[in-house]
Protein chains: 2
Amino acid sequence: MLSSHPEILQAQYPWTSSPLIVSAPMRLIATEKLAVSVSKSTGFGFIAAGTDVSNLSTLIADAISAFKSSPVQHTPTAVLPIGVGFICWGADLATVLSVIKEAELKPAAAWLFAPKEAKDLRTWTDGIRKASDGKTKIWIQVGTVNMTVEAAKACRPDVLVIQGADAGGHGLAQSSSIISLLPECADALKEEGFGDIPLIAAGGIVDGRGVAAAVVLGASGVCMGTRFLATPEAVISEGYRQAVIAAIDGGVSTARTSLYDRLRGTVGWPAEYNGRGVLNQSFWDHEKGLDEDENMKMYEAAISLGDAGWGDRGRITTYAGTGIGLIKKVSPAGDIVQEVLSDSRKILAEANSSYRGK
Amino acid sequence: MLSSHPEILQAQYPWTSSPLIVSAPMRLIATEKLAVSVSKSTGFGFIAAGTDVSNLSTLIADAISAFKSSPVQHTPTAVLPIGVGFICWGADLATVLSVIKEAELKPAAAWLFAPKEAKDLRTWTDGIRKASDGKTKIWIQVGTVNMTVEAAKACRPDVLVIQGADAGGHGLAQSSSIISLLPECADALKEEGFGDIPLIAAGGIVDGRGVAAAVVLGASGVCMGTRFLATPEAVISEGYRQAVIAAIDGGVSTARTSLYDRLRGTVGWPAEYNGRGVLNQSFWDHEKGLDEDENMKMYEAAISLGDAGWGDRGRITTYAGTGIGLIKKVSPAGDIVQEVLSDSRKILAEANSSYRGK
């Protein structure tokens, strides 16, 4: 009945544990520091290329050199045990392909997200598989059942990342949480003959309970973003990190909105996407009707405050998911991987023994 | 690590199984037919008083007579193994107390939802406990961590129903799904000394996978509404039932909105609530800018069409949660209880054996 496929992922990524614990390719935040720590701890770390791939060769070179100085056991030959995340609508595919082709070690996965049009996914998939000689596996992030089935048909990806509404940062403005989305995607894939594609759940997962929930919903692993913000490895200001620790009641202290993109001058996202962030003074003032140019000026002034510009009384955009209220301290990324793995297994064992044969 | 309390619920409601499967008190829909079927099948059925308690004594009398003609094993003396749901902002407490006091069998639980002010919960709780001589247990539905802790402090309820954003019908306009809400509520309650209050998860749960997920997140049971719409026992038109079966991709085929309340002329809900329903022609026309009076006229015309007024091309309000896409057929309510119980246990066992010691 369980639709997870731990064996497929462990065969493809032999340095990893099951369920697979993935660190999200957070733009500007997830560099080789975070990715190497996660992969060394039997997880799967991603670096973020995002929309701007002009420095992709440096990003990958840095990751290769970090991996060489701190090797990950059981890595396949000529593979970098780290993935790279691309925001397809803004990233230049020709550059991506040439960098991958020339890379000494091929990234273990390319994570494709938010193409201008769904059909672009196929071009990206074919190009990357060819440029990497099949070494770079294709992960595609989706947020509806329809997107899931379409991506499977067009690309037969190696992994589908199913992102629910609770996720921090960018995602679909409208979607359900993984509680119903994951099983519905799993069933639809099975019905269409794609039941063997492993699913990674994303959105609202920050601890062993969330990991265990994802597994019983049918995922072979989880991707966490917000939780990895509270690590020494995340490249964020101390103000951001402390705002993540401080926030509670994540369903009401965060919200999905396009306001934060506008205030930061982020343009180009397809209309169906927005981002979840911590509600702060920028948001409240907007709700009260503050003129947006004025809000933008105050936003820029807040940036000059440094760490003091963050938090619920600050103004700086603090992308984070609803799980933020469960994060109480900064921990090394590798410890987080081990903790959630171990806790999720304990919880599954306890639940099984509590409810067996009742 | 698991924060669920199956033993507390089974002691209080000895006719039930663990995890507890609850049918939601859906206004006008959940009558004694649904409630008795669910409770007879080792679940916990609720009837809905809603906001209008003028016919409460009839509702309870009908439930008592249905129970007597079809008894539920292991029911405590003088107790009706069925609960009653109240929408507190609109329901007259004096009437409620006098009906409960005079009832030959006391409802096993009163489910309190959406008070005008949080402090009203205490008045309701004290009144019902007294009127029922403690036989009617107090269940309180909440949707944020703050509401959860406040309700626990004010009332020490017997059960807290934690409702996430995926739920159909009325709930908080802003909240997270249970994926992060349930664990954050469980932790906050534990920290405040209320770790022994059993939690029931609601929102997006329709099958054994959702039940298993709720359990590992820390719930002792689940409440399902949408799933029980697709039963012969639900008092809904065939058009509504078929619309539930037909809808897919629940995260995008439903949405939270206050439009449907306005079109139906439902007034009085506190500002922080709205409802999740299937997107239909009323919604699309509203999005295109159709005048609301015009929309309301077309709504009324659709009602006169009967079953043909429903569905995504219809106009009639179809409250349902994001799990709607997982519901493919009509099944007797008792079969649903047995199916999700059995599936959830199998899934927990499989997940435990798949991931143990990896």
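Tutor: Two residues are in contact here if their C-beta atoms, placed from the backbone, lie within 7 Å. The model is a predicted one, in which local features need pLDDT of at least 70 and side-chain atom pairs count only at pLDDT 80 or more, while totals for chains, interfaces and linings use all residues. Residues are numbered from 1 along each chain as its sequence is written, and chains are lettered from A and ligands numbered from 1 in the order in which they are written.

Student: Which domains does the assignment give for chain A, and how many residues of each are in contact with the other?

Tutor: Domain bounds come from an automatic or database domain assignment, and for chain A this gives domain 1 (6-235 + 326-355) and domain 2 (238-325). Taken over C-alpha atoms, the centres of domain 1 and domain 2 of chain A are separated by 25 Å. Across the boundary in chain A, 28 residues of domain 1 are in contact with 20 residues of domain 2.

Student: Which elements of domain 1 of chain A give two or more residues to the side that touches domain 2 of chain A?

Tutor: Helices (H or I, at least four residues) and strands (E, at least two) are DSSP runs, numbered from the N terminus. On that side of domain 1 of chain A, the elements giving two or more residues are β7 (169-172) and α9 (226-229) of chain A, and β7(A) gives the most, with four residues. For classes, Ala, Val, Leu, Ile, Met, Phe, Trp, Tyr, Cys and Pro count as nonpolar, Asp, Glu, Lys and Arg as charged, and the others, Gly among them, as polar; the residues of domain 1 of chain A that touch domain 2 of chain A then divide into 12 nonpolar, 11 polar and five charged.

Student: What rotation and shift superpose chain B on chain A?

Tutor: Two copies of a chain are related by a rotation about an axis and a shift along it. Superposition is by least squares on the C-alpha atoms of residues with pLDDT of at least 70 in both copies, and here a rotation of 180 degrees with 0.0 Å of shift along its axis brings chain B onto chain A, with an RMSD of 0.0 Å. That is the relation of a two-fold axis. Among the residues of chain B, B:Ala213 comes closest to the rotation axis, its C-alpha lying at 2.1 Å.

Student: How many residues does each chain give to the contact between them, and which element of chain B gives the most?

Tutor: Chain B gives 59 residues and chain A gives 59 residues. The elements of chain B that give two or more residues to the side touching chain A are α6 (145-155), α7 (178-191), α8 (208-217), α11 (250-253) and α15 (333-355), with α15(B) giving the most, 11 residues. By class, that side of chain B has 26 nonpolar, 21 polar and 12 charged residues. Because 100% of the interface residues of chain B are also interface residues in chain A, the copies meet through the same surface.

Student: At what angle do α15(A) and α15(B) cross?

Tutor: Axes are lines fitted to C-alpha atoms, for helices over the stretch in contact, and angles run from 0 to 180 degrees between N-to-C directions. The axes of α15 (residues 333-355) of chain A and α15(B) come within 9 Å and cross at roughly 140 degrees. Angles under 35 degrees count as roughly parallel, over 145 as roughly antiparallel, 65 to 115 as roughly perpendicular and the rest as oblique, and α15(A) and α15(B) are therefore oblique to each other. Residues of α15(A) including A:Arg345, A:Leu348 and A:Tyr355 meet residues of α15(B) including B:Arg345, B:Leu348 and B:Tyr355; by class, this contact has eight nonpolar, two polar and two charged residues.

Student: Where is the cis peptide bond in chain A, and which residue of chain A has a positive phi although it is not a glycine?

Tutor: Most residues other than glycine have a negative phi, and most peptide bonds are trans. In chain A, the peptide bond from A:Ser18 to A:Pro19 is cis, with omega near -10 degrees, and A:Pro19 is placed in the loop between α1 (6-12) and β1 (20-23) of chain A. In chain B, a cis peptide bond joins B:Ser18 and B:Pro19, with omega about -10 degrees. The residue with a positive phi is A:Ala114, at about 55 degrees, in the loop between β4 (106-113) and α5 (120-131) of chain A.
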